[in-house]
Amino acid sequence: MSASANDSSSTGMNEILENNRKWVEGKKAADPDFFNNLSKGQQPRYLFIGCSDSRVPASAITGTGPGEMFVHRNIANLVVHSDMNLLAVLQYAVEVLGVKDIMVVGHYGCGGVAAAASNKQFGLIDNWLTHIKDVVRLHETEFTSITDKEKQLRRLVELNVIEQVRNLTKTNIIQNALQRENPPRLHGLVYDIQDGVLHNLNVETDTINEFQHIYGIEDIKHAEEAVEKAQQGKV
Ligand SMILES: [Zn+2]
């Protein structure tokens, strides 16, 4: 059964709804309490920050099921410090859900990365892709030293993931979490659309330490004490 562009159904959602009914049946057959248990709450171990690309489905490529992974996706898996959507997801995942592992997942063949590497204009999205051009600028020597265009783009996909993991460490959410016990671990992965394999880039997040004088923030307790003193008129 497949939907077509001239589907005469009233909603165009028939295939989706039918797939859903079959999925529900299958889950209930395997475990009658499956949905009842999920409805009690969530405590996912992972936060997945990936690309919106339809070929990179978060649950499918990681073998995770409902309740196991909190997910944020945007074009080219960017961690942008003024992106309230990303920040809200990150804060909730870290401080409320207590996720153990956060992964930024890029993918070879990323259209967003390719668009950013070109000098073409695509409209509003150009402003979003500028964040990837910033990655090129940070790694310009290495980027321009690669003469093969495909290899250059594959490396840019990796460099982009590395910089987005570093961007996570610049947020006060992660910096505060690192001051507490059992902070979440940060990972950078790249998915290869051509063979379905996920690769761990083993991103060194401690490289951010050399920029601590710029991105580092004081201990949250000191900040809270300062606010308290200010409120008491001591400052
Ligand atoms: Zn992509």
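Let's start with the broad layout: the chain divides into domain 1, covering residues 1-41, and domain 2, covering residues 44-231. What you are looking at is a predicted model. Taken over C-alpha atoms, the centres of the two domains, domain 1 and domain 2, are separated by 32 Å. The C-alpha trace of the chain spans about 70 × 50 × 30 Å along its principal axes. Within that frame you can find eleven helices and five strands.

Two more numbers help to describe the chain as a whole. It has 235 residues, and 25% of them count as buried. If you take the contacts between residues at least 6 apart in sequence, 65% of them join residues at least 24 apart.

A good place to begin a closer look is helix α1, residues 14-30. At 1.5 Å a residue, the 17 residues of α1 should span 24 Å, and the end C-alpha atoms are 25 Å apart, which agrees. This helix is hardly covered, for the count of buried residues among its 17 residues is zero.

Now turn to the sheet. It is an open sheet of five strands, and reading across it gives the order β2-β1-β3-β4-β5, with mixed pairing. Strands β2 (69-74) and β5 stand at the edges with a single partner strand each, so one side of each has no neighbour in the sheet. From one strand to the next, the twist averages 25°.

Helices pack on this sheet too. Helix α4, residues 84-97, touches β1 (46-51) and β2, and its direction makes about 165° with that of β2. Helix α8, residues 149-170, also packs on the sheet, where it touches β3 (101-108) and β4. The direction of α8 makes about 160° with that of β3.

Let's follow strand β4 a little further. β4 and β5 run antiparallel and are joined by three bridges. Within β4, which covers residues 185-192, you will find Val190. The bridge partner of Val190 in β5 is His199.

Is Val190 buried or exposed? There are 22 C-beta neighbours inside 10 Å of Val190, and a residue is buried if 20 or more lie within that distance, so Val190 counts as buried. Leaving out residues up to four places away in sequence, Val190 touches Gly106, His107, Tyr108, Val157, Glu158, Val161, His199 and Leu201. Another residue to look for is Val104: although Val190 and Val104 are 86 residues apart along the chain, their C-alpha atoms are separated by 8.3 Å.

Finally, two asparagines in loops deserve a visit. Asn182 is found in the loop between α9 (172-178) and β4. Its phi is positive, about 50°, although Asn182 is not a glycine. Because Asn182 has 8 C-beta neighbours inside 10 Å, it counts as exposed.

The other asparagine, Asn202, lies in the loop between β5 (198-200) and α10 (212-215). Asn202 is not a glycine, yet it has a positive phi of about 45°. Why does Asn202 count as exposed? The reason is that Asn202 has 9 other C-beta atoms within 10 Å, and a residue is exposed if that count is 12 or fewer.

Conventions:
Residues are numbered from 1 along each chain as its sequence is written. This is a predicted model: local features need pLDDT of at least 70, side-chain atom pairs count only at pLDDT 80 or more; totals for chains, interfaces and linings use all residues. Domain bounds come from an automatic or database domain assignment. Helices (H or I, at least four residues) and strands (E, at least two) are DSSP runs, numbered from the N terminus. Two residues are in contact if their C-beta atoms, placed from the backbone, lie within 7 Å. Two strands pair if DSSP finds at least two bridges between them. Axes are lines fitted to C-alpha atoms, for helices over the stretch in contact, and angles run from 0 to 180 degrees between N-to-C directions. The expected span of a helix is 1.5 Å times one less than its number of residues.
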